[in-house]
Amino acid sequence: MLPLTWDIVVQGIGEVGKLIFFVAVAVISLEVVAYLILVKWLKFKNALPFMLMLPALAGVAILILYPFGFNIYLAFSNMSMYRFKEFSVGWQYGISNLLDVFRVPVLQRVTFFQLFLRTFIWTAINVVFHVLGGLILAILLNRPMRGKAIYRTLLVVPWAIPQVIAALAWRCEFHYQYGFVNILLEKLGLRAVQWMSDPFWAFIAVVVVNIWLGIPFMMVTILGGLQSISPDYYDAAQIDGASGWQQFRFITLPLLNPILTPAIILGVIWTFNNFNVIYLVTGGGPMEGTDILVTSLYKAVFEFYRYGFGAAYSLVIFLFLLVFSVIYLRISGGFKGAWEA
Amino acid sequence: MTSMKSQETTLLTTGLRTYSKTRRKAMLKSAAIHFVLIVACIIAVYPFLRVVSISLRPGVALLSTSLALIPKGATLDNYRTLILDKDFTVWLWNSLIVSVATVLIGLLLAATAAYAFSRWKFPGRRQGLVFLLLTQMVPPGMLLLPIYIMVVRLNLFNTYTGMIIAYSVGSVPFSIWLLKGYYDTIPKELEEAALVDGADPLTTFYRIVLPLAAPALAIAGLFSFMTAWNEYMMARVMLQKASMFTWPLGFQKLRDQFTTQWGVFSAASVLVAIPAMLLFLYSSKWLISGLTLGGLKE
């Protein structure tokens, strides 16, 4: 007998059908109200685009803006597992929550500054290897050669595998006795490594997994950029006697910039925010030795039930990301032209 | 006469020699490139081949230190156990229904909003687009707690409805960017002609623009589907009942019994990963253009 029974299917479709019907009714009534107010009453000039955006605006307001505001509110509360329903709100709680972020361990032992440094190292190592690996592979692939399509397809596999599966499978492979990593090391005459009980090696393990996962994205993006560079530039450079390195430095890199900039920003944000890989491969352990900011945030809230503290902590993390992105966009001229369509 | 001839032959042989030298150099270079690429491919693919190999191991040889890709006594037992004795199909069904509903709601919200961003130069348009980008910067986990509290208070904990609500808006900003970029490429003249013929703007949108944008809608839908389908963290918070688990949660449960269920876990991974990989390979070129936010169009 299949565990998936007819009843489960019918029930599921019923529940989801009801929800979609409800959403449709909500959207229609919202539009009717907006029509009456904006068009009939206010005769608003931009009524039509506004009405077109209204459902999305409402969705973003309910599920992004409201939770965001509620999160700030929670940061000023003493909410925890014991005070889930009856919690109090006040400046004093907000201030002590914020100070606690820097003052007391975020989890049991690891402090904010350790986590911040570790997140920085984690992001830097990963992004550097992603870009270097992606660049090398893309340059090797960017030429007429036999088997190019096959290489490309195989090299994209780590990106194509669902991340959860890749992370869980890698975790098994770092098993001391039965994982292939140690078996290979021993075959090469090296000593097996205690991947999951030594914080240093555990950190190496998650970095290896994440580098493996992230190179294909950079490779494909950079390859797309390389293919859009006209070969005329290289022909001209060769006539002028430019060396291979000079061609790379003065033609390839500048012309890749418009592709590399957004790719690196995305890469940094994804790596900084990468919860799945660390949480599923090491769980942040051993001894909180591989936790980064986002995994410790999750654990502080959902494993240590420090809700008010967690809310304040998430605001601090968000501010760091925001400042980074703004600075980077200013320096690089980022998404110029994206809205001048 | 003879001296000239010998001179000619020496010229010819040195010419040939340098030619064969550059040719050998080119061949060496090409061999080196192929070698590097082959090594890279092995590194990229080997971990997944291992998963396939472990899924074929018979129960008695589950824990072995053999690296053989086709294990001794290969069997499909793990797949049978997975499908008949585990809740695998229920997990897939839960993931499927949640993802499909998420896509439907997300597209409903994104399709019209992107049209407004593409066609009207209203005040606040630019800020709106930047704001959508900013929402992508919110760390995962930041909105998790408030949304969790909302869902618990609405009594939607452990339900499809709660999951779908939590997921529905997540990929809307990305979809709006992707669809806006595509609408921008549809010539306005088409709509202007329809408006001259007396159609109202909404009919024009549904009858002319939307059908033309079908490929972009499909891609946006595909990506929000993949996002919801592969999501782990939100599901972990929102679902506690094993019968409501989406597949990532179920898989983690299997993996936690690593020493006894490694083969079953691997079989499950193979069954989910192969369709996902095919879908991904088929659609990745559109993903790139969407990720670079249409900001790079020449």
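Guide: A helix here is a DSSP run of H or I with at least four residues, and helices are numbered from the N terminus. With that in hand we can walk through this model, which is predicted, and take one feature at a time.

Visitor: How many helices and how many strands does the secondary structure of chain A come to?

Guide: Chain A comes to 13 helices and 0 strands, and its elements, read from the N terminus on, are α-helices throughout the series.

Visitor: What radius of gyration does chain A have, set against a compact globule of 341 residues?

Guide: Chain A has a radius of gyration of 26 Å, whereas a compact globule of 341 residues would have one near 20 Å. Along the principal axes, the C-alpha atoms of chain A fill a box of roughly 70 × 55 × 55 Å. The domain assignment divides chain A into domain 1 (1–58) and domain 2 (112–303), and the C-alpha centres of these two domains lie 40 Å apart. As for contacts in chain A with a separation of 6 or more, 65% of them join residues that are 24 or more positions apart.

Visitor: Which helix of chain A is largely enclosed by the rest of the structure?

Guide: A residue is read as buried if 20 or more other C-beta atoms lie within 10 Å of its own C-beta, and as exposed if there are 12 or fewer. In chain A, 39% of the 341 residues are buried. Helix 12 (residues 293–302) of chain A is largely enclosed by the rest of the structure, because 9 of its 10 residues are buried; among them are A:L293, A:T295, A:Y298 and A:K299.

Visitor: How many of the 9 residues of helix 9 of chain A are buried?

Guide: The count is 0, and helix 9 (residues 231–239) of chain A is hardly covered. Just after helix 9 of chain A comes A:G241, which takes a positive phi of about 80 degrees.

Visitor: What should I make of a positive phi?

Guide: Most residues other than glycine have a negative phi. In chain A, A:M287 is not a glycine, yet it has a positive phi of about 55 degrees, and A:E288, also a residue other than glycine, has a positive phi near 60 degrees. A:M287 lies in the loop between helix 11 (276–281) and helix 12 of chain A, and A:E288 lies in the loop between helix 11 and helix 12 of chain A too.

Visitor: Are A:M287 and A:E288 buried or partly exposed?

Guide: A:M287 counts as partly exposed because it has 14 C-beta neighbours inside 10 Å, whereas A:E288 has 22 C-beta neighbours inside 10 Å and therefore counts as buried.

Visitor: How many residues of chain B are in contact with chain A?

Guide: Chain B has 79 residues in contact with 82 residues of chain A. On the chain B side, helix 3 (residues 88–119) of chain B gives the most, with 14 residues. By class, that side of chain B has 60 nonpolar, 14 polar and 5 charged residues.

Visitor: Which residues touch the most other members of the largest nonpolar core?

Guide: In soluble globular proteins, nonpolar side chains tend to be buried together. The largest nonpolar core here has 155 residues, of which B:A110, B:A113, B:I176 and B:L179 touch the most other members, and helix 3 of chain B gives the most to this core, with 15 residues. Leaving aside residues up to four places away in sequence, B:A113 touches A:L52, A:M53 and A:A56 as well as B:I176.

Visitor: How is chain B divided into domains?

Guide: Chain B is divided into domain 1 (2–55) and domain 2 (79–291), and the C-alpha centres of these domains lie 46 Å apart. Their contact takes 5 residues from domain 1 of chain B and 7 residues from domain 2 of chain B. The side of domain 1 that touches domain 2 in chain B has 4 nonpolar, 1 polar and no charged residues.

Visitor: Where does pLDDT stay under 50 in chain A and in chain B?

Guide: Where pLDDT is low, the predicted coordinates should not be read in detail. In chain A, pLDDT stays under 50 over residues 337–341, for which the model has 7 contacts beyond four places in sequence; in chain B, it stays under 50 over residues 293–298, with 14 such contacts. Chain A averages a pLDDT of 89, with 97% of its residues scoring at least 70, while chain B has a mean of 86, with 90% of its residues at 70 or more. Among the elements of chain A, helix 13 (residues 307–332) has the lowest mean pLDDT, 85, and helix 4 (residues 112–141) the highest, 95. In chain B, confidence is lowest in helix 13 (residues 258–291), at a mean of 82, and highest in helix 3, at 94. For the complex, the predictor gives an ipTM of 0.87 and a pTM of 0.87.

Technical notes
Residues are numbered from 1 along each chain as its sequence is written. Chains are lettered from A and ligands numbered from 1 in the order in which they are written. Helices (H or I, at least four residues) and strands (E, at least two) are DSSP runs, numbered from the N terminus. Two residues are in contact if their C-beta atoms, placed from the backbone, lie within 7 Å. Ala, Val, Leu, Ile, Met, Phe, Trp, Tyr, Cys and Pro count as nonpolar, Asp, Glu, Lys and Arg as charged, and the others, Gly among them, as polar. Domain bounds come from an automatic or database domain assignment. pLDDT is the predictor's confidence in each residue, from 0 to 100. A nonpolar core is a set of buried Ala, Val, Leu, Ile, Met, Phe, Trp, Tyr and Cys residues joined through C-beta atoms within 7 Å. The radius of gyration is taken over C-alpha atoms; the globule rule is 2.2 Å times the number of residues to the power 0.38.
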